[in-house]
Amino acid sequence: MKTLKVRLGPRSYNIIIASGILKELARMLSTYSDITKVMLITDKNVARFYGPIVTESLRPYKLEAAVATIEPGEEQKSLSTAEVLYERLFQHGMDRKGLVVALGGGVVGDIAGYVAATYMRGIPYIQAPTTLVAQVDSSIGGKVAVNHPKGKNMIGCFYQPRAVYIDPSVLKTLPREELTQGLVEVIKYGVIRDAGLFNYLEAHIEELLGLDPEVLEKVIATCCRIKAWVVHKDEREETGLRSILNYGHTLGHAIEAVEGYKGYRHGEAVATGMVLATRIALLMGLAGEEVLERQKNLLRAAGAPTDYRPRDIQEIFAFLRRDKKALAGRLNLILPTKIGKVVLKEVPEEMVREVLTSG
Ligand SMILES: NC(=O)c1ccc[n+]([C@@H]2O[C@H](COP(=O)([O-])OP(=O)(O)OC[C@H]3O[C@@H](n4cnc5c(N)ncnc54)[C@H](O)[C@@H]3O)[C@@H](O)[C@H]2O)c1
């Protein structure tokens with residue numbers, strides 16, 4: 001078992017990582033002396049595999065538990081689903097002595113966290129992430145949100161969980177393409193902050209894909225440590241540090257949107273965004289060829305694409321200009337200078353055009 005701390009003064013909390021911890025969840029929750037009721041929020045896929053483990057484990061304890069199960073999928077991260085969940089909380093008589101347990105991927109974590117943040121002006125919640133994306137990224141840091149027709153995550157707030165319980169063994173039921181989504185984020189951590197992690201990934205990618213428990217736990221813990229550090233330094237995205245987590249994401253979001261959220265899944269779009277950002281870094285003389293080749297090799301080994309040719313380059317630029325992180329005529333992008341180090345740079349549009357049209 002590994003325990004890490006997210007240091008945020010009175011909002012500090014632990015991240016506990018251990019194979020099989022899901023079975024122990026109820027015992028851990030029973031130590032919260034202020035909690036009398038629990039609402040487990042999950043989705044249908046996760047409920048099928050892990051719902052009974054958690055509800056059964058709650059039985060011996062004096063915690064009145066109920067379960068709210070939503071359909072899987074990004075479309076569920078909506079205000080209308082949030083309303084259904086508020087209704088379930090009222091039915092179960094939840095007040096501030098009630099605890100929301102978010103059991104699932106980033107979709108469940110984001111909406112359950114948002115509902116906990118807003119129901120009765122905020123009730124406690126914990127994260128029990130079940131995808132690799134959620135275990136290394138979305139469950140930590142307190143960004144909770146639902147989507148709006150105007151854009152993803154447009155309605156939300158910062159609301160830290162009371163704890164994060166990560167059980168790497170649940171990844172055995174995760175579809176392979178979902179694992180790849182998470183591996184892209186893992187590789188991203190290596191590039192932005194930790195050359196040692198990147199080296200380790202290069203040496204152990206096969207074990208990681210095979211879900212070797214030791215390798216998995218070590219990698220998840222390393223990523224969580226980086227995320228916890230970034231959140232500690234810049235909880236509300238004010239100092240700019242948290243923006244390093246956006247490496248590959250500005251171009252990735254544009255690719256995802258232009259491809260109609262179909263051809264490229266989020267992680268795949270981020271992988272191509274990372275490669276494009278690195279090619280820009282090469283053009284600007286900030287990084288050497290090795291930084292590009294090592295990332296491409298690792299991303300490919302993880303099952304992610306590394307090449308992208310836009311169908312319509314104008315659409316990409318139209319999206320980038322609308323993107324909140326973009327400036328008129330120039331883009332602010334996170335670019336690598338070496339493995340383990342990134343910088344924020346203003347990049348002329350022509351350079352983005354060049355990497356999108358050559359390659
Ligand atoms: N809050 C943040 O800081 C943050 C960071 C990154 C991403 N996100 C958000 O996270 C969401 C994406 O999360 P995700 O990639 O986890 O996707 P997801 O929650 O949609 O889960 C992916 C799929 O895997 C299934 N699943 C989950 N765990 C499983 C398991 N153990 N076994 C079998 N199936 C399982 C789900 O039912 C779903 O079908 C997006 O909405 C994104 O905006 C938030």
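## A walk from the ligand to a helix pair

Start by selecting the ligand and the shell of residues around it: that shell divides into 9 nonpolar, 11 polar and 8 charged residues. Keep in mind as you go that this is a predicted model.

Next, highlight Asn45, Gly105, Gly106, Thr131 and Ser138, which come nearest to the ligand among the 28 residues around it. Now colour the elements that build the shell. Helices α2 (44-58), α4 (106-118), α5 (132-138) and α6 (176-193), along with strand β8 (151-158), each supply at least two of its residues.

Stay with α2 for the following stop. Select strand β3 (residues 37-43) and strand β4 (residues 64-70), and you will find them running parallel, joined by 7 bridges. To see one facing pair, show Ile41, which stands opposite Ala68 in β4. Then add α2 back to the view: together, β3, α2 and β4 make a right-handed β-α-β unit. So here is a nice link to your starting point, since α2 also supplies at least two residues of the ligand shell.

For the last stop, select helix α10 (residues 266-283) and helix α11 (residues 289-301). How do their axes meet? They come within 9 Å and cross at roughly 170°. Because angles over 145 degrees count as roughly antiparallel, α10 is roughly antiparallel to α11.

Finally, show the side chains where the two helices touch. From α10, pick Ala271, Met274, Val275, Thr278, Arg279 and Leu282; they meet Glu289, Val291, Leu292, Gln295, Lys296 and Leu299 in α11. By class, this contact has 7 nonpolar, 2 polar and 3 charged residues.

Note on methods:
Residues are numbered from 1 along each chain as its sequence is written. This is a predicted model: local features need pLDDT of at least 70, side-chain atom pairs count only at pLDDT 80 or more; totals for chains, interfaces and linings use all residues. A residue is near a molecule or strand if its C-beta atom, placed from the backbone, lies within 6 Å of it. Helices (H or I, at least four residues) and strands (E, at least two) are DSSP runs, numbered from the N terminus. Ala, Val, Leu, Ile, Met, Phe, Trp, Tyr, Cys and Pro count as nonpolar, Asp, Glu, Lys and Arg as charged, and the others, Gly among them, as polar. Two strands pair if DSSP finds at least two bridges between them. A crossover is right-handed if, with the strands pointing away from the viewer, the path from the first strand over the helix to the second runs clockwise. Axes are lines fitted to C-alpha atoms, for helices over the stretch in contact, and angles run from 0 to 180 degrees between N-to-C directions. Angles under 35 degrees count as roughly parallel, over 145 as roughly antiparallel, 65 to 115 as roughly perpendicular and the rest as oblique. Two residues are in contact if their C-beta atoms, placed from the backbone, lie within 7 Å.
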